[in-house]
Amino acid sequence: MAEKISKETVVKVSRLARLSLTTEETERMTAQLAGMLEHFRDIDALDLASVEPMTQPYPLKNVLRKDVELPSLDRDEVLDQAPAAESGRFRVPPTIGFDV
Amino acid sequence: MQKLVDIVAGVTNGSLKASAVVEEHLARIVARESEIHAFNLVTADQARNDAAKVDEDVKAGKKVGALAGVPIALKDNMCTRGVETTCSSKILQGWKPPYDATVVTKLRAAGAVIMGKTNLDEFAMGSSTENSAFGPTKNPHDISRVPGGSSGGSAAAVSAGFAAASLGSDTGGSIRQPAALCGVVGVKPTYGVVSRYGLVAFASSLDQIGPFTSDVRDAATLLEVISGHDPMDSTSIPQAAPSLVSVLDHGVAGMRIGRVTDLPEGCEPDVLARLEAAFDALRSAGAIIVDVKLPSIQYCLTAYYLIAPAEASSNLARYDGVRYGNRVDAADLNSMYAATREAGFGEEVKRRIMLGTYALSAGYYDAYYGKALKVRRLISDDFAHAYEKTDVILTPTSPSVAFKFGSKTDNPLAMYLCDVFTIPTNLAGHPAMSVPFGTGADSMPVGVQVLATTLGEQAMFKVAAELERSL
């Protein structure tokens with residue numbers, strides 16, 4: 001299993017998770033995640049090579065509904081709950097022209 | 001406290017007014033809610049209107065539903081159209097969903113009266129309700145102790161008589177553990193028995209809605225109403241749910257009850273003593289106790305705390321300040337996302353998003369998430385072997401009675417250990433329920449957990465009913 005988690009990795013993961021953690025949160029998170037990952041090493045002892053991963057508890061396949069029109073959510077009611085909306089659409093800050 | 005079934009019977013035959021039942025429950029809320037804090041929102045006006053409507057229908061001779069006049073509280077992670085649904089998170093504070101969850105639609109159609117939305121650990125992540133952004137719920141048996149979690153508000157609401165029943169959601173024990181700690185019945189049905197449409201998702205392959213009630217018959221009655229296939233939930237099981245109330249008086253003669261010989265360590269002796277008493281009661285009623293082994297459940301915490309945060313990190317990506325909830329403004333989109341999520345999520349939610357994102361990230365996926373899915377298979381296989389020679393399995397619900405506030409908040413792993421007996425069920429997708437079975441240390445309630453295999457609810461309810469009768 002992987003080496004102990006570093007602060008750099010925590011910073012990278014927080015960027016992936018779109019969380020702007022404070023310096024203090026990053027420090028605390030690094031220590032706590034390291035502790036948990038250490039505990040999780042208990043499964044390293046298991047031989048899992050021939051075990052099939054289990055992704056869902058009740059295997060259903062090809063769940064399709066009948067191709068008929070159903071009422072959808074009321075657009076005004078949905079947009080009314082958005083932080084910002086304009087002309088029947090969600091409004092967001094600029095998406096290009098900035099570093100990501 | 002009035003039983004759900006007695007309220008339905010009285011309201012239906014006209015001897016009891018739904019309005020009077022609601023007023024009794026509202027009076028108890030007025031008297032004690034300020035110290036318990038079971039609710040994020042009490043919908044008193046709507047409850048009064050709904051109860052009056054039930055009374056009018058009875059008076060007019062109309063047929064009323066299976067839950068006519070029953071005051072029911074909803075965990076605040078179930079969508080109610082036009083009524084604030086927060087998940088006890090700042091990021092959703094003020095959000096009024098544009099639709100009802102399927103369980104809400106079913107409750108209303110059955111004549112239930114919705115009393116309000118109950119407190120929880122933020123996004124159902126926790127075992128004590130201490131992670132709620134709006135402050136903790138107190139245990140009605142001793143307000144210096146936690147009610148358990150994450151559905152602590154729903155458990156406390158029934159325990160304190162604020163509602164005759166409530167609904168919670170259970171991802172790793174979030175119905176059963178608070179039920180045990182508050183001395184009420186709590187049921188996690190088989191994955192797929194109750195629709196998740198309109199339940200705010202935490203870990204989609206584990207989440208399941210279920211009832212809290214003051215006894216087993218009430219739980220069976222309520223579960224029958226909320227069960228059933230729903231085309232709006234693609235994981236909903238496409239077959240009719242089994243009848244439960246009809247089996248409650250069948251007894252347990254000849255049934256095989258599993259005793260786990262390699263139970264994870266760390267359970268308090270007062271809880272183990274009640275478990276032994278439960279085995280004795282079932283043996284006296286004619287059941288056969290069978291030893292079973294579940295060698296892989298010692299790895300359940302690792303599997304769960306990789307799988308659930310991984311799914312959560314994906315599910316909670318939707319809280320981005322665009323379509324609903326709150327936003328922290330910033331100059332560009334990515335900065336807005338990060339600032340919104342940093343301000344809106346509490347510490348435990350951030351911790352799990354981080355853990356899940358890490359477990360799914362390139363270079364670590366196989367070592368963590370991939371392995372956890374394989375361990376999940378081992379645990380499921382262990383149960384399959386055990387159920388070849390037993391009908392149900394009995395374990396403690398929680399390793400201890402309700403603990404004091406603050407006693408586990410500094411150590412996330414200590415809090416996670418509260419779920420060691422409840423998590424395996426979610427990983428396997430099986431049903432399980434907690435039944436109050438006497439008291440332990442400091443006269444606090446103890447719950448015994450009855451587990452069964454996929455769609456084994458009938459066997460589970462037979463045993464639960466027998467345990468209740470034996471007290």
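**Chain B: a strand, a buried helix and a contact**

In β6(B), Phe212(B) is the bridge partner of Gly186(B). Let me build out from that pair.

First, the ground rules. The model is predicted: local features need pLDDT of at least 70, side-chain atom pairs count only at pLDDT 80 or more, and totals for chains, interfaces and linings use all residues. Residues are numbered from 1 along each chain as its sequence is written, and chains are lettered from A and ligands numbered from 1 in the order in which they are written.

Back to the strand. Helices (H or I, at least four residues) and strands (E, at least two) are DSSP runs, numbered from the N terminus. Strands pair if DSSP finds at least two bridges between them. β5(B), residues 185–188, pairs with β6(B) in the antiparallel sense over two bridges. β4(B), residues 165–170, is also antiparallel to β6(B), joined by six bridges. There, Asp170(B) stands opposite Gln208(B).

Is β6(B) buried or exposed? Strand β6(B), residues 208–213, is mostly covered, with six of its six residues buried. Buried means 20 or more other C-beta atoms within 10 Å of the residue's own; exposed means 12 or fewer; partly exposed is in between; C-beta atoms are placed from the backbone.

Now a helix. α5(B) covers residues 152–159, and eight of the eight are buried, so the rest of the structure largely encloses it. Among them are Gly152(B), Gly153(B), Val158(B) and Ser159(B). Gly161(B) follows the helix, with a positive phi near 75°.

Zoom out to chain B. The secondary structure comes to 15 helices and eleven strands. Of the 471 residues, 62% are buried. The C-alpha trace spans about 65 × 55 × 45 Å along its principal axes. The radius of gyration is 21 Å, which agrees with the value near 23 Å for a compact globule of 471 residues. That radius is taken over C-alpha atoms, and the globule rule is 2.2 Å times the number of residues to the power 0.38.

Last, the partner chain. Two residues are in contact if their C-beta atoms, placed from the backbone, lie within 7 Å. How many residues does each chain bring? Chain B gives 57 residues and chain A gives 46 residues. On the chain B side, helices α9, α10, α11, α12 and α13 each supply at least two residues. α12(B) has the largest share, ten residues. By class, that side has 30 nonpolar, 15 polar and twelve charged residues. Ala, Val, Leu, Ile, Met, Phe, Trp, Tyr, Cys and Pro count as nonpolar, Asp, Glu, Lys and Arg as charged, and the others, Gly among them, as polar.
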